[in-house]
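Let's take a walk through this structure together, beginning inside and working outward. Have the viewer open and follow along.

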Amino acid sequence: MIALVKSYFFTNEASMVNVDLRAIIEHPIIRDDKVYAPLWCFCKLRDTVSVNDGHVLAIADNIQEYNCIQLDYDSGVKMDDFIAEFSDKFMFAAYTSFSYGFKPGDRFRVIIPLEHPLPQSEMGFDYKKAMFDIFPGCDPSCYDRCHLQVVPCIRSEGAPYRYHFNRIHKYFETPIELIRQYREMSINTMAFDRAVERFNGEHSQNRADYTPILKWAQDKIDLMVEGTRNNTMFGVIGFMKKKGVPLEDACTIDVPSDCMHEWNGMLKRIYM
């Protein structure tokens, strides 16, 4: 049962035959501003989660696995083109966003149930690259470890709104092989770069293993919350620099897309 009762809500039910989900898409809520609309996420939470004032925090560490992906398109891709391209490939639901009809271009969201649950731990940089190959033009933040969307919402009765259910009996299969290919390419590239550095005498033959520090750094980034992101990122980069973590290793940390600009700026300031 899906209930719109909190600022965020999580459901492990994603199907085009889910009556509650269909009703929400067919009858969008009305809000003067979308900031007052709930957000939703189709996932399975961990057995133990972090909460604040009784509400589950929308952070990656609270999510065990996703059973669908959610896509955001705000320009460049038409909703009808998306439907035509994928209508015979997998089940999905598409609906227009709060800004549809009030800003240029098609603005729409897509919910795509998965054939098999996707562990949150697998949603790294290589996952993002693979998914962007399949769905170019989508907002990259859709592939972050914790991604929530505004539920179907319009600003007034009769405001422009469209939706489409693609009820084909096929589920989307996460492109595991493509993800592995990208991961292997990344590993091979990093190994080659390190070999060149050792050959040039820039590193000792017994190069330090920074895996524990990088794991600590990734955990810190995954647990970031609004209001503390910049301080957290600055502290993580400063600690890695202090411990001698090379810049190329620091660059492997998976950071939410909407923080990438600040993260890269901090890396340059602290490392260079």
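The residues that line the largest cavity divide into 6 nonpolar, 2 polar and no charged. Keep in mind as we go that this is a predicted model. The cavity in question has a volume of about 60 Å³, and the structure holds 1 cavity of 30 Å³ or more. Its lining is made of Tyr66, Cys68, Ile69, Gln70, Met123, Tyr127, Cys142 and His147. Which strand gives the most to this lining? That is β6, residues 63-73, with 4 residues.

Let's stay with strand β6 for a moment, since Glu65 has its place there too. Leaving aside neighbours within four places in sequence, Glu65 is in contact with Cys43, Lys44, Pro117, Leu118, Pro119 and Gln120. One of these partners deserves a second look: Leu118 is 53 residues away from Glu65 along the chain, yet the two C-alpha atoms are separated by 5.3 Å.

His147, which we met in the cavity lining, also leads us to Ser141. Ser141 lies in the loop between α3 (125-134) and β9. Is Ser141 buried or exposed? Its relative accessible area is 14%, and because the cut-off for burial is under 20%, Ser141 is buried. Beyond its neighbours within four places in sequence, Ser141 is in contact with His147 and Ser257.

Now turn to the second largest pocket, which holds about 980 Å³ of space. Of the 40 residues that line this pocket, Cys146, Leu148, Glu226, Arg229 and Asp258 are the closest to its centre. The lining divides into 19 nonpolar, 6 polar and 15 charged residues, whereas the lining of the largest cavity has no charged residues. Several elements contribute here: β7 (92-96), β9 (149-150) and α5 (211-222) each supply at least two residues to the pocket lining.

Helix α5 is a good one to check by hand. How does the distance between its end C-alpha atoms agree with what 12 residues should span? At 1.5 Å a residue, α5 should span 16 Å, and its end C-alpha atoms are 16 Å apart, so the two agree. The buried residues of α5 are Ile213, Leu214, Ala217, Gln218, Ile221 and Asp222. As you look at their numbering, remember that an α-helix has 3.6 residues a turn, so residues three or four places apart point the same way. The cover over the buried residues of α5 includes α6 (229-242), α7 (247-250) and α8 (260-271).

One more stop is Tyr171, in the loop between β11 (163-166) and α4 (176-199). Tyr171 is partly exposed, with a relative accessible area of 36%. The C-alpha atoms of Tyr171 and Pro113 are separated by 6.0 Å, although these residues are 58 apart along the chain.

Finally, zoom out to the whole chain. There are 8 helices and 11 strands, and buried residues make up 42% of the 272 residues. Among contacts between residues at least 6 apart in sequence, 75% join residues at least 24 apart; the pair Glu65 and Leu118, 53 residues apart along the chain, shows what such a separation looks like. On the outside, the accessible surface of the chain comes to about 14700 Å², of which 52% belongs to carbon and sulfur atoms.

Definitions and conventions: Residues are numbered from 1 along each chain as its sequence is written. This is a predicted model: local features need pLDDT of at least 70, side-chain atom pairs count only at pLDDT 80 or more; totals for chains, interfaces and linings use all residues. Side-chain values use heavy atoms; hydrogens and water are left out. Buried means under 20% relative accessible area, exposed over 50%, partly exposed in between (1.4 Å probe, protein chains only). Contact means heavy atoms within 4.5 Å. Accessible areas come from the Shrake-Rupley method with a 1.4 Å probe; for residues, only the protein chains shown count as cover. On a 1 Å grid over the protein atoms alone, a cavity is a set of points where a 1.4 Å probe fits but cannot get out, and a pocket is an open set with protein on both sides within 12 Å along at least five of seven lines; lining residues have an atom within 4 Å of a point. Grid points are joined across faces, edges and corners, and a volume is the space filled by probe spheres set on the points. Ala, Val, Leu, Ile, Met, Phe, Trp, Tyr, Cys and Pro count as nonpolar, Asp, Glu, Lys and Arg as charged, and the others, Gly among them, as polar. The expected span of a helix is 1.5 Å times one less than its number of residues.
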